[in-house]
Amino acid sequence: MSEPLLPRDAAASFTLPSEIKGMCSLPNWVELYTLSETFRFHTPEVTDPGRTNPNAMPVLVKTGDAGSASPFVARTVLMAKEVLQLASVPDREKHGALLEQMHRIKEELLRCVDASSELAQLVESEAAAVAATDFRLALGSRALERFPHVADLEGKVTTILIGARRAITEICQVPGHFWPMSRTHTSLDHLLSKELERTLGPEHALATYLQEFVAGTKQLIAFRNGQEHVATTQGPRLQVRNFELMPTNQLRHPVWYLDGQEPGNIAAQTQAIPEFLLGLAEAMFVGCVDATLTEWPPVFFERIEEVDPECPMRYRLTIDVSGLRFQTDAGAV
């Protein structure tokens with residue numbers, strides 16, 4: 001006679017505010033995605049692995065405001081999940097660890113998105129506020145009645161650069177799931193020169209394509225070092241300037257630059273950072289999988305021309321039917 005089913009082992013039921021558009025099973029939880037939200041589901045085995053409580057409950061919690069419609073979700077974990085269902089590399093027992101890596105990348109990218117969007121909105125809000133005064137002068141003064149200023153601009157820039165630095169570090173860990181590495185790399189430049197170019201050859205498609213991202217990652221790391229390490233390395237300092245009145249009486253929006261470089265618009269450039277890093281993450285994952293595909297099953301990467309707005313992945317792994325062979329009475333065809 002079988003043991004009675006404990007309450008904790010009964011089927012879980014829950015209701016989300018909108019339809020589930022995707023999900024990703026990770027070692028200790030399942031992540032569920034609606035179009036615009038992310039939820040995490042834990043079974044009782046996670047919260048009570050020792051099975052001490054027969055009434056242990058599952059946990060469902062909203063963890064973010066980005067869902068399957070976000071490129072930062074679709075082009076990282078959802079793409080990786082679909083690709084790994086067909087790919088035979090790396091070893092299937094390592095797929096979970098690789099999916100966890102892509103999840104970490106997704107989380108860092110979303111933090112960059114939130115921080116850069118918040119800063120851009122603050123800059124726009126301050127600029128709009130002074131424009132609404134029609135740049136009037138204060139009564140009895142030759143100074144502007146309302147001068148724009150982003151509070152704690154330096155701190156907000158620091159948050160963005162820390163997130164970008166972490167994202168680069170996590171992206172650089174992806175090749176370690178495919179090939180043995182001599183060490184852990186946190187620089188794309190070093191990863192290419194000391195590992196991938198030696199493993200694959202400097203002319204390999206992955207190595208040459210990733211070179212296009214080297215200058216951008218080096219600039220981001222230099223900006224972060226210009227904040228954190230300038231006192232010890234004697235390198236160029238990162239200058240962060242708030243709204244300023246120029247000698248021409250024109251208003252300049254916040255800019256940043258390393259000593260000796262030209263100033264760049266903070267709001268515009270920080271908003272470009274997450275998209276740049278997403279492109280790097282996507283290229284790293286797709287390139288590593290493509291470089292290690294086996295002859296069976298015969299698959300290839302396909303660029304998705306008509307992107308689904310509900311899950312805007314750009315690449316899929318497709319079975320190459322021309323490489324299939326079927327056994328019939330007449331022989332292989």
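**Burial, ring pairs and helices in a predicted model**

Q: What is the relative accessible area of Phe276?
A: Phe276 is partly exposed, a class that lies between buried (under 20% relative accessible area) and exposed (over 50%), with a 1.4 Å probe and protein chains only. The model is predicted, and for that reason local features need pLDDT of at least 70 and side-chain atom pairs count only at pLDDT 80 or more, while totals for chains, interfaces and linings use all residues. Residues are numbered from 1 along each chain as its sequence is written, and side-chain values use heavy atoms, with hydrogens and water left out. For Phe276, the relative accessible area is 23%.

Q: Which two residues form the edge-to-face pair with ring planes at 85°?
A: Rings of Phe, Tyr and Trp (its six-membered ring) pair if their centres lie within 6.5 Å, and planes under 30 degrees apart count as stacked, over 60 as edge-to-face and the rest as tilted. With centres 4.7 Å apart and planes at 85°, the pair is therefore edge-to-face. The partners, both buried, lie 33 residues apart, in helix H7 and strand S8, helices (H or I, at least four residues) and strands (E, at least two) being DSSP runs numbered from the N terminus. The two residues are Phe223 and Trp256.

Q: What is the centre-to-centre distance between the rings of Phe213 and Phe276?
A: The structure holds 4 aromatic pairs, and one of them is the tilted pair of Phe213 and Phe276, with 45° between the planes. This pair links distant parts of the chain, 63 residues apart, with Phe213 in the loop between helix H6 (205-210) and H7 and Phe276 in helix H9. Phe213, at 9% relative accessibility, counts as buried. The ring centres of Phe213 and Phe276 are separated by 5.6 Å.

Q: Which residue forms one aromatic cluster with Phe213 and Phe276?
A: Phe213 and Phe276 already make a tilted pair. The aromatic cluster that holds both of these rings also takes in Tyr209.

Q: How far apart are the end C-alpha atoms of H7?
A: The expected span of a helix is 1.5 Å times one less than its number of residues, and H7 has 15 residues. Its buried residues include Val214, Leu220, Ile221, Phe223 and Arg224. The separation of the end C-alpha atoms agrees with the expected value, because both are 21 Å.

Q: Which strands do the buried residues of H4 pack against?
A: Helix H4 (residues 153-171) has 19 residues and reaches 27 Å from its first C-alpha to its last, close to the 27 Å expected. Among its buried residues are Leu153, Val157, Ile160, Leu161, Ile168 and Ile171, along with Lys156 and Glu170. These buried residues pack against helix H3 (95-132), helix H7 (214-228) and helix H9 (266-291), and also against strand S5 (238-241) and strand S8 (255-258).

Q: Why does Cys24 form no disulfide, and what is its distance to the closest cysteine sulfur?
A: A disulfide is counted when a pair of cysteine sulfur atoms lies within 2.5 Å, and a search of the whole structure finds 0 of them. Cys24 is buried at 0% relative accessibility, and Cys112 is buried at 2%. The sulfur of Cys112 is 14 Å from the closest cysteine sulfur, in Cys172, and is therefore too far for a bond. Cys24 is likewise too far for a bond, because its closest cysteine sulfur, in Cys311, is at a distance of 11 Å.

Q: What is the relative accessible area of Ser68?
A: Ser68 is in the loop between strand S4 (59-64) and helix H2 (71-86). Leaving aside neighbours within four places in sequence, it is in contact (heavy atoms within 4.5 Å) with residues including Lys21, Tyr33, Leu78, Glu310 and Cys311. Ser68 counts as buried, with a relative accessible area of 0%.

Q: What is the radius of gyration of the protein chain?
A: The protein chain has 9 helices and 13 strands. The globule rule (2.2 Å times the number of residues to the power 0.38, for a radius taken over C-alpha atoms) gives 20 Å for 333 residues, and the chain is well over this, so it is more spread out than a compact globule. Its C-alpha trace spans about 95 × 55 × 45 Å along the principal axes. The radius of gyration is 25 Å.
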